[in-house]
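Got a few minutes to poke around a model together? Here are some questions about its packing, its rings and its charges.

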Amino acid sequence: MNTHYAKDNAEKVSANLSSLQCLLRAVDDKVRFYLLDNQTYGPYSEIVHYHAKELQGLLAIIEGILTDADMDLNTVIHSLSDALKRETAA
């Protein structure tokens, strides 16, 4: 596999991870809306809050996984960039 091709694909994946992180933050903001609104749900507000907090916990786990994947991918991109520099110099 061509190093340049691999680097380009890794950068595309990194961009997709960034998009996923933005989408995840948008979902988290929406969940926060449910936590802040106490009156709309009447007698169901306690159960809505319970599930919203559960969802926030799951979103936090996903965010951690995405952050780790992005850091690992950045390492790969830097390694491929170094390899390209060495190939060009040779």
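Quick ground rule before the questions: buried means under 20% relative accessible area, exposed means over 50%, and partly exposed is what falls in between. Keep in mind that this is a predicted model.

Q: Is tyrosine 41 buried or exposed?
A: The cut-off for buried is under 20% relative accessible area. Tyrosine 41 has a relative accessibility of 18%, so the verdict is buried.

Q: Which elements give two or more residues to the largest nonpolar core?
A: That core has twelve residues in all, including Ala6, Leu17, Val31, Leu59 and Ile77. Looking for elements that give two or more residues to this core turns up helix H1 (3-36) and helix H2 (45-89).

Q: Which residues is isoleucine 77 in contact with, leaving aside its neighbours within four places in sequence?
A: Ile77 is one of the residues of the largest nonpolar core. Contact here takes heavy atoms within 4.5 Å. With the sequence neighbours within four places set aside, the list for isoleucine 77 is Lys7, Ala10, Glu11 and Ser14.

Q: What kind of pair do the rings of phenylalanine 33 and tyrosine 34 make?
A: The model has two aromatic pairs by the rule used. Phenylalanine 33 and tyrosine 34 have ring centres 5.6 Å apart and planes at 70 degrees. Planes over 60 degrees apart count as edge-to-face, so this pair is edge-to-face.

Q: And what kind of pair do the rings of tyrosine 34 and tyrosine 41 make?
A: Their centres are 6.0 Å apart, with the planes at 40 degrees. Stacked needs under 30 degrees and edge-to-face needs over 60. The angle for tyrosine 34 and tyrosine 41 fits neither, so the pair is tilted.

Q: Which residues do the ring pairs link into a cluster?
A: Phenylalanine 33 is partly exposed at 42% relative accessibility, and tyrosine 34 is partly exposed too, at 30%. Tyrosine 34 pairs with phenylalanine 33 and with tyrosine 41. Put the ring pairs together and the cluster is Phe33, Tyr34 and Tyr41.

Q: Which residue lies over the face of phenylalanine 33?
A: A charge over a ring has to be within 6 Å of the ring centre. At 5.3 Å from the ring centre of phenylalanine 33, the residue over its face is lysine 30.

Q: Is lysine 7 buried or exposed?
A: Lysine 7 shares a salt bridge with glutamate 11, at 2.6 Å from N to O. Both sit in helix H1, four residues apart, which is about one turn of the helix. Glutamate 11 is partly exposed, at 33% relative accessible area. For lysine 7 the value is 14%, so lysine 7 is buried.

Q: Which residues are linked in a network of salt bridges?
A: The whole structure has three salt bridges. Arginine 32 meets aspartate 28 at 2.5 Å, N to O, and also meets aspartate 29 at 4.0 Å, N to O. Arginine 32 is partly exposed, with 43% relative accessible area, while aspartate 28 counts as buried at 15%. The linked residues are Asp28, Asp29 and Arg32.

Note on methods. Residues are numbered from 1 along each chain as its sequence is written. This is a predicted model: local features need pLDDT of at least 70, side-chain atom pairs count only at pLDDT 80 or more; totals for chains, interfaces and linings use all residues. Side-chain values use heavy atoms; hydrogens and water are left out. A nonpolar core is a set of buried Ala, Val, Leu, Ile, Met, Phe, Trp, Tyr and Cys residues joined through side-chain atoms within 4.5 Å. Buried means under 20% relative accessible area, exposed over 50%, partly exposed in between (1.4 Å probe, protein chains only). Rings of Phe, Tyr and Trp (its six-membered ring) pair if their centres lie within 6.5 Å; planes under 30 degrees apart count as stacked, over 60 as edge-to-face and the rest as tilted. A charge sits over a ring if NZ of Lys or CZ of Arg is within 6 Å of the ring centre and within 35 degrees of the ring normal. A salt bridge is a side-chain nitrogen of Lys or Arg within 4 Å of a carboxyl oxygen of Asp or Glu.
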